[in-house]
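I opened this model to take notes on its strands, its helix and a pocket. The entries follow the order in which I looked things up.

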Amino acid sequence: MQFFNPNNSKSLTLTRRNSSHYLKPDMTLPDNCHIISSETFFKRSIIRSVIFPYEMQQIGAKAFQGCSRLSSLDFPDNLRQMGTGAFSDCPSLRQVQIPSGLTTIPKNAFRNGRRLKELEFAPDSHLTSIMADAFSECASLEEVIFPASLSEINDRAFYKCKKLEQVSFPEGLKSIGKQAFYFCGMKTLDLPDSLEFLNDSAFFKCNNLTYVTLPENIRYLGKWIFHGCNRLQYLEIRHDPEFIGPWIINRATCIRCYKGSKVDLYCQESGFRVEYI
């Protein structure tokens, strides 16, 4: 087994086998640690906080999954890659700042972070994608201001984030995936003009929504997008998307559209109430 020698500047990769030397409640990893391998600190309940070195570039899949007492992280701007489920099932984690160099938040990255309340992005963020279930069931998350660089939010990315009331989407966002904001707490929804794809059940059971206007560049409206939104009174669609799936709203919701439009015909065929613009 090899341990870190402070006089040796050779790049260090931490693994499950060689990590015990650094394991402590408040960890400050050595300056020459560039990579943390998959499952290195998997279910290490002793860990409370981690400070990563500036040169840290990669954190492997499930590297800190199940660290039940982990509450504080300090990511370096140099971080370029994070593996699937790297910080999933960390119920004590309360705040996360995504560093500028990370372009993708991977699948399950912070899933089931039940006490995660603050999610921030570096001012010069290069993030383009948030993958499936990245923040699924982060039930304490209240506000997210996405960076200008973001282009896609994938399936169930914020699934059942029940307290998520404030969401700011960037101009440049192209796609919102299936169940991406299922059962979230938004009261208003300001979708960007750049949005093209709104997939199945994207805002299913978002019960605080009362009025939504869709941007006119949306080409695809998947099924059940606003179905189960029991307080939604009006959905305004001022253009004709290429595809509209079934039951995008509840029967009680009224769709506002242009008379004689494709959306008007869809409403007549579906038995939805219509109010003409």
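**Helix H1 and what follows**

I began just past the helix: H1 is followed by Gly271, which has a positive phi near 80 degrees. I note here that the model is a predicted one.

I then went back into H1, which spans residues 262-270, and listed Val263, Asp264, Tyr266 and Cys267 as buried. They cover an arc of only 160 degrees around the axis, so they sit on the same side of H1. I checked what lies over the buried residues of H1 and found that the cover includes E19 (234-237), E20, E21 (254-257) and E22 (273-276).

**Whole chain**

I counted one helix and 22 strands in the protein chain. The chain has 277 residues, and 51% of them count as buried. Taken along the principal axes, the C-alpha atoms fill a box of roughly 75 × 30 × 25 Å. I also looked at contacts between residues at least 6 apart in sequence: 25% of these join residues at least 24 apart.

**The seven-stranded sheet**

I traced an open sheet of seven strands in the order E9-E11-E13-E15-E16-E18-E20, and its pairing is parallel. E9 (104-105) and E20 (243-244) stand at the edges with a single partner strand each, so one side of each has no neighbour in the sheet. Within this sheet I looked up E15 (residues 175-176) and E16 (residues 197-198), which run parallel and are joined by two bridges. Ile176 has Leu198 in E16 as its bridge partner.

**E8 and E10**

Which side chains of E8 are buried, and which are not? In this strand, residues 95-98, the side chains alternate: Val96 and Ile98 point to one face and are buried, while Gln95 and Gln97 point to the other and are not. I found E8 paired with E10 (residues 118-121) in the parallel sense, over four bridges. Opposite Ile98 stands Phe121 of E10.

**Ser100**

I moved on to the loop between E8 and E9, where Ser100 lies. Ser100 has a relative accessible area of 8%, below the 20% cut-off, and is therefore buried. Leaving aside neighbours within four places in sequence, I listed its contacts as Asp77, Ala122, Asp124, Ser125 and His126.

**Second largest pocket**

I noted a volume of about 150 Å³ for the second largest pocket. Its lining includes Lys117, Glu118, Leu119, Glu120, Phe121 and Ala122, and also Glu142, Glu143, Val144, Ile145, Phe146 and Pro147. E10 and E12 (143-145) each supply at least two of the lining residues. The largest share, four residues, comes from E10. Sorted by type, the lining has seven nonpolar residues, no polar ones and five charged ones. Phe121, which I had met opposite Ile98, is among the lining residues. Ala122, a contact of Ser100, is another residue of this lining.

**Positive phi outside glycine**

I looked up two residues that are not glycine but have positive phi. Arg156 has a phi of about 60 degrees and is placed in the loop between E13 (152-153) and E14 (166-168). Its relative accessibility is 27%, so I entered Arg156 as partly exposed. Phe183 has a phi of about 55 degrees and is placed in the loop between E15 and E16. With a relative accessible area of 31%, Phe183 is also entered as partly exposed.

How values were computed
Residues are numbered from 1 along each chain as its sequence is written. This is a predicted model: local features need pLDDT of at least 70, side-chain atom pairs count only at pLDDT 80 or more; totals for chains, interfaces and linings use all residues. Side-chain values use heavy atoms; hydrogens and water are left out. Buried means under 20% relative accessible area, exposed over 50%, partly exposed in between (1.4 Å probe, protein chains only). Two strands pair if DSSP finds at least two bridges between them. The arc is that of the directions from the helix axis to the C-beta atoms. Contact means heavy atoms within 4.5 Å. On a 1 Å grid over the protein atoms alone, a cavity is a set of points where a 1.4 Å probe fits but cannot get out, and a pocket is an open set with protein on both sides within 12 Å along at least five of seven lines; lining residues have an atom within 4 Å of a point. Grid points are joined across faces, edges and corners, and a volume is the space filled by probe spheres set on the points. Ala, Val, Leu, Ile, Met, Phe, Trp, Tyr, Cys and Pro count as nonpolar, Asp, Glu, Lys and Arg as charged, and the others, Gly among them, as polar.
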